[in-house]
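I opened this notebook to keep track of what I look up, one topic at a time. My two topics are empty space and nonpolar packing.

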Amino acid sequence: MTIQIGDKLPQGQFRVMTEEGPQVKTTDDIFKGKKVALFAVPGAYTGTCHKMHLPSIFLNAYAIKDKGVDTIGIVSVNDAFVMNAWKRDTDQRDEAVFLADGNADFTKAIGMELDASGAGLGIRSKRYSMLVEDGVVTKLNLEAAPGKVEVSGGDTLLGQL
C-alpha cells in the first residue's frame with residue numbers, strides 16, 4: 001500500500017556516510033520531533049535526478065528552511081558510498097542529508113518502489129517529495145512519470161509550506 005497524507009512513516013533504516021564510514025540512521029533519528037522535507041529520486045547521478053531534481057531542491061533550500069523545516073533529506077535506492085559522492089558533487093553548502101536506501105527497504109515499506117529492471121536499473125524509488133512532521137506525512141507530491149520533475153521539486157514543496 002502506498003503511503004498517504006496523514007500516515008505515520010514505518011520504522012526503517014538508512015545508511016548515511018560519516019567520517020567513520022557508513023552509519024545506520026533510523027527513521028526516528030531522521031524524523032522524530034522534526035519537520036523534514038524529504039525528496040526521493042530514482043537514482044543518484046541519473047539525468048533527471050542530477051540535472052533537474054537536485055538543482056530545484058538546492059535553489060530553494062534556504063527558503064525551505066526559513067519556513068521552519070529542520071532537515072532536507074534526499075533518499076535514493078543507492079548505497080552510502082554513491083550517495084556520499086553525490087552529496088560531495090552537488091551539495092556545496094551542506095544543506096541536505098543524503099539517505100541511502102540500498103536495498104529499497106524503506107521505499108518498499110511505503111509502497112514507492114519502481115521496477116526499472118527493463119532499463120537495467122533494478123528496483124528503484126518513484127520520484128516524490130513529502131513533508132513529514134514528527135514522523136507523519138503532511139504533504140505528498142508523487143510524479144506520474146519518473147523522468148519528470150513537475151510536482152516533486154523544491155519549488156513545489158516550498159509553495160506548500
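The entries below cover a pocket first and the nonpolar cores after that.

Entry on the pocket. I kept in mind that I am reading a predicted model. I looked up the largest pocket and noted a volume of about 200 Å³. Its lining is made of 13 residues, and those that lie nearest the centre are Gln13, Arg15, Gly102, Asn103 and Asp105. When I sorted the lining by class, I found four nonpolar, five polar and four charged residues. I then asked which element gives the most to this lining. Strand 1 does, with three residues, while strand 1 (13-18) and helix 5 (105-109) each supply at least two.

Entry on the largest nonpolar core. This core holds 22 residues, and I wrote down Ile72, Ile74, Trp86 and Phe98 as the members that touch the most others. Among the elements that give two or more residues to this core are strand 3 (35-41), helix 3 (61-66), strand 4 (71-76), helix 4 (80-90) and strand 5 (97-100). Helix 2 gives the most to this core, with four residues.

Entry on one residue. I followed Phe98 and set aside its neighbours within four places in sequence, after which its contacts include Leu54, Phe58, Ile74, Met83 and Trp86. The list for Phe98 also has Arg15, Val16, Lys87, Thr90 and Asp91. Arg15, which I had already met, is one of the residues nearest the centre of the largest pocket.

Entry on the second core. I also noted a separate core of 19 residues, including Ile3, Leu38, Ala40 and Phe106.

Definitions and conventions
Residues numbered from 1 in each chain as written. Predicted model: local features only at pLDDT ≥ 70, side-chain atom pairs only at ≥ 80, totals over all residues. Heavy atoms only, no water. 1 Å grid on protein atoms, 1.4 Å probe; cavity = no way out; pocket = protein on both sides within 12 Å on 5 of 7 lines; lining within 4 Å. Points joined across faces, edges and corners; volume = space filled by probe spheres on them. Nonpolar A, V, L, I, M, F, W, Y, C, P; charged D, E, K, R; others polar. Core = buried A, V, L, I, M, F, W, Y, C linked by side-chain atoms within 4.5 Å. Buried < 20%, exposed > 50% of the residue type's maximum accessible area, 1.4 Å probe, protein only. Contact = heavy atoms within 4.5 Å.
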